[in-house]
Amino acid sequence: MRTKFLVAAVAVALAGCAYPTHDMQHDGLTHQLHHGGPLRSAGERTLTGFTFPESVGCDAREGVLYVSQFGGTQLSPAAKDGNGFISKLAPDGRVLEQRAFNETFNKPKGITVRGERLWVTDIDSVWVFNTRTKQGRKLPIPGIQFANDPAVVGSVLYVSDNRSDALFRIEPADFLDAGVQPKVSTVFTGKGVNPNGLWAARDGSLIMVGFGDQPRGIHAMAPDGSLRTVVQPFGKLDGVQQLHDGTLLITDWSAGHLAHWSLSGGLVSIAKDFKGPADFCVLGGTVYVPDLVKSEIRMVGLAR
Ligand SMILES: [Ca+2]
């Protein structure tokens, strides 16, 4: 039986919905998070042959995936050993380019792609690449300890640091041209967010999921810079993505799963038995979840 993948097809219906009673502001993000029924896995496939993959970045325009890998023989996410690399994959998992960029990486982590630009963090820096010409530029971020995930909101690049519980801001996001002098600043520190995964929501908010020694939750920073808690602390959260219907997918190391979260349906596990479910992306109704600890990528088809 043919399974319909609904992620790309679900329309956002913002008008006329009734709100549950909760402590969130009745804004656009709340609207989005309320919609959508439960999701389930329509089938899984495991890809092997990776070396500590932290992030899969989906390039929807080109229909390809980029996978950041730590390399080496031990999981040492903060080691500056030059063993990291980024591979380019076809959606079926075939490796198109083992090393997509001819640069030295240490422990490359979060990847985000927009148009011909790809951003990837690496401990104390963030790179921007032209995916067509492969030209890249590395930008050190003063004060950052464990650069984790990049996200672009408008012309601004945000970079999370879960270990030092901080969010950094870089403007302009596209600093590839050597003549551009990007401005780097700290947005916040010490808020108990421990931001790991970032996602640029459609209403201009930045969604953040937390990963720390204590359980962490889901937070959002509004365009005016105000922070709020979307979900109270419940796990060790790594990746987050907002679906077309406005609801969220998250990965949680504590539960070892990929889960769907919505205001109406709460948290529903979609795929289990991960050891290190890290920074995933969604392409064509399939979620690509790297397992950093197992050195695998799990492909999870989504269906309702
Ligand atoms: Ca991450």
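**Figure 1. Asp165 in the loop between strands E11 and E12 of the predicted model.** Asp165 counts as partly exposed because 19 C-beta neighbours lie inside 10 Å, whereas a buried residue would need 20 or more. The backbone of Asp165 has a positive phi of about 50°, although the residue is not a glycine. Asp165 belongs to the hairpin of E11 and E12, in which 4 residues lie between the strands.

**Figure 2. Strand E11 and the neighbouring strands E10 and E12.** Strand E11 covers residues 156–161 and is mostly covered, with 5 of its 6 residues buried. Strand E10 (residues 147–153) runs antiparallel to E11, and 5 bridges join the two. Within this pairing, Ala151 stands opposite Tyr158 in E11. The hairpin of E10 and E11 has 2 residues between the strands, and Gly154 in this hairpin takes a positive phi near 60°. Strand E12 (residues 166–171) also pairs with E11 in the antiparallel sense, over 5 bridges. Here Ser160 is found opposite Leu167 in E12.

**Figure 3. The cis peptide bond between Glu171 and Pro172.** Omega for the bond joining Glu171 and Pro172 is about 5°. Strand E12 comprises residues 166–171, and Pro172 lies in the loop between E12 and strand E13 (183–189).

**Figure 4. Ile123 in the loop between strands E7 and E8.** The loop that holds Ile123 connects strand E7 (117–122) and strand E8 (125–130). Phi of Ile123 is near 65°, a positive value in a residue other than glycine. Ile123 is classed as buried because 22 other C-beta atoms lie within 10 Å, and the class requires 20 or more.

**Figure 5. Val230 in strand E17 and its contacts.** Strand E17 spans residues 227–235 and includes Val230. With 19 C-beta neighbours inside 10 Å, Val230 counts as partly exposed. Leaving aside residues up to four places away in sequence, Val230 touches Ile218, His219 and Ala220. Gly217 is 13 residues from Val230 in sequence, and the C-alpha atoms of the two residues are 7.6 Å apart.

**Figure 6. Tyr288 in the largest nonpolar core.** The largest nonpolar core contains 73 residues. Tyr288 is among the members that touch the most other members, together with Val159, Leu258, Val287 and Val289. Apart from residues up to four places away in sequence, Tyr288 touches Val56, Cys58, Leu65, Phe280, Cys281, Leu283, Ile297 and Met299.

**Figure 7. The whole chain as context for the close-up views.** The chain has 304 residues, of which 45% are buried. Its secondary structure consists of 1 helix and 24 strands. Among contacts with a separation of 6 or more, 48% are between residues 24 or more positions apart. Of the strands shown in the preceding views, E11 is mostly covered, and E17 holds the partly exposed Val230.

Conventions
Residues are numbered from 1 along each chain as its sequence is written. This is a predicted model: local features need pLDDT of at least 70, side-chain atom pairs count only at pLDDT 80 or more; totals for chains, interfaces and linings use all residues. A nonpolar core is a set of buried Ala, Val, Leu, Ile, Met, Phe, Trp, Tyr and Cys residues joined through C-beta atoms within 7 Å. A residue is buried if 20 or more other C-beta atoms lie within 10 Å of its own, exposed if 12 or fewer, and partly exposed in between; C-beta atoms are placed from the backbone. Two residues are in contact if their C-beta atoms, placed from the backbone, lie within 7 Å. Two strands pair if DSSP finds at least two bridges between them.
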